[in-house]
Amino acid sequence: MKHAMLINYGLCTGCQTCEVSCLKEKRLDPEEWGIKVQQIGPKKLGDAWEWDYVPVPSRLCDLCEERRAAGKPAACELQCLAKVIEILPLDRIPQRMEELGGSKVTCFMP
């Protein structure tokens, strides 16, 4: 069954634990990354300010396929302090996005 990563970045605090856990799990070199938190803002849009942290997976991300095959959660999902990362079966993504209801929700498929 195909899976995808759901990211509710409206709640991301920018702590970067997903980055660190991925580097350690995949034994990546410091200049490589499987997921990286990008800061967007602060920027004034109309009358409101926007300032977000968005975890962005790279092509090196395989959603921790080996960990999930062993019944464990993906390293980033396990370590995310704000619990904004979920790995779900692809057919559950639309329903979960609707449940979250926020406009700052995105999906990644490797």
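The following paragraphs describe the fold, the sheet, the cysteines and two individual residues of a predicted model.

The secondary structure of the protein chain consists of four helices and five strands. In sequence order, these elements follow the pattern β-α-β-β-α-α-β-α-β. The radius of gyration is 14 Å, close to the 13 Å that the globule rule gives for 110 residues, so the chain is as compact as a globular protein of that length. The C-alpha trace spans about 50 × 35 × 20 Å along its principal axes. Of the 110 residues, 36% count as buried. Among contacts with a separation of 6 or more, 61% are accounted for by residues 24 or more positions apart.

An open sheet is formed by three strands in the order 4-1-5, with antiparallel pairing. Strand 4 (85-89) and strand 5 (106-108) stand at the edges; each has a single partner strand, so one side of each is left without a neighbour in the sheet. From one strand to the next, the twist averages 30°. In general, the strands of a sheet pair through backbone hydrogen bonds, in either a parallel or an antiparallel manner. Strand 1 (residues 3-7) and strand 4 run antiparallel and are joined by five bridges. Within this pairing, His-3 has Pro-89 of strand 4 as its bridge partner.

The structure holds zero disulfides. Cys-80 takes part in no disulfide, and the nearest cysteine sulfur, belonging to Cys-15, lies 6.1 Å away. A disulfide requires the two sulfur atoms to be within 2.5 Å. Cys-80 counts as buried, because its relative accessibility is 7% and the cut-off for burial is under 20%. For Cys-107, the closest cysteine sulfur is that of Cys-61, at 11 Å, which is too far for a bond. Cys-107 counts as partly exposed, with a relative accessibility of 33%. Cys-107 falls within the residue range of edge strand 5 (106-108).

Asp-52 lies in strand 3 (residues 48-57). At a relative accessibility of 9%, Asp-52 counts as buried. The side chain of Asp-52 makes a polar contact with the side chain of Lys-104, at 2.9 Å. When neighbours within four places in sequence are left aside, the residues in contact with Asp-52 are Tyr-9, Gln-38, Gln-39, Ile-40 and Lys-104. Lys-104 therefore appears both as the polar partner of the Asp-52 side chain and in the list of residues in contact with Asp-52, where contact means heavy atoms within 4.5 Å.

Pro-73 is located in the loop between helix 2 (65-69) and helix 3 (75-79). Its relative accessible area is 32%, so Pro-73 is partly exposed, that is, in the range between the buried limit of 20% and the exposed limit of 50%. With neighbours within four places in sequence left aside, Pro-73 is in contact with Arg-67 and Leu-78. Arg-67 falls within the range of helix 2 (65-69) and Leu-78 within that of helix 3 (75-79), and the contacts of Pro-73 thus involve a residue from each of the two helices that flank its loop. The C-alpha atoms of Pro-73 and Ile-7 are separated by 15 Å, the two residues being 66 residues apart along the chain. Ile-7 belongs to strand 1 (residues 3-7).

Key
Residues are numbered from 1 along each chain as its sequence is written. This is a predicted model: local features need pLDDT of at least 70, side-chain atom pairs count only at pLDDT 80 or more; totals for chains, interfaces and linings use all residues. Side-chain values use heavy atoms; hydrogens and water are left out. Buried means under 20% relative accessible area, exposed over 50%, partly exposed in between (1.4 Å probe, protein chains only). Two strands pair if DSSP finds at least two bridges between them. Axes are lines fitted to C-alpha atoms, for helices over the stretch in contact, and angles run from 0 to 180 degrees between N-to-C directions. A polar contact is a pair of N or O atoms within 3.5 Å; within protein, one must be able to donate a hydrogen and the other to accept it, and residues adjacent in sequence count only if both atoms are side-chain atoms. The radius of gyration is taken over C-alpha atoms; the globule rule is 2.2 Å times the number of residues to the power 0.38.
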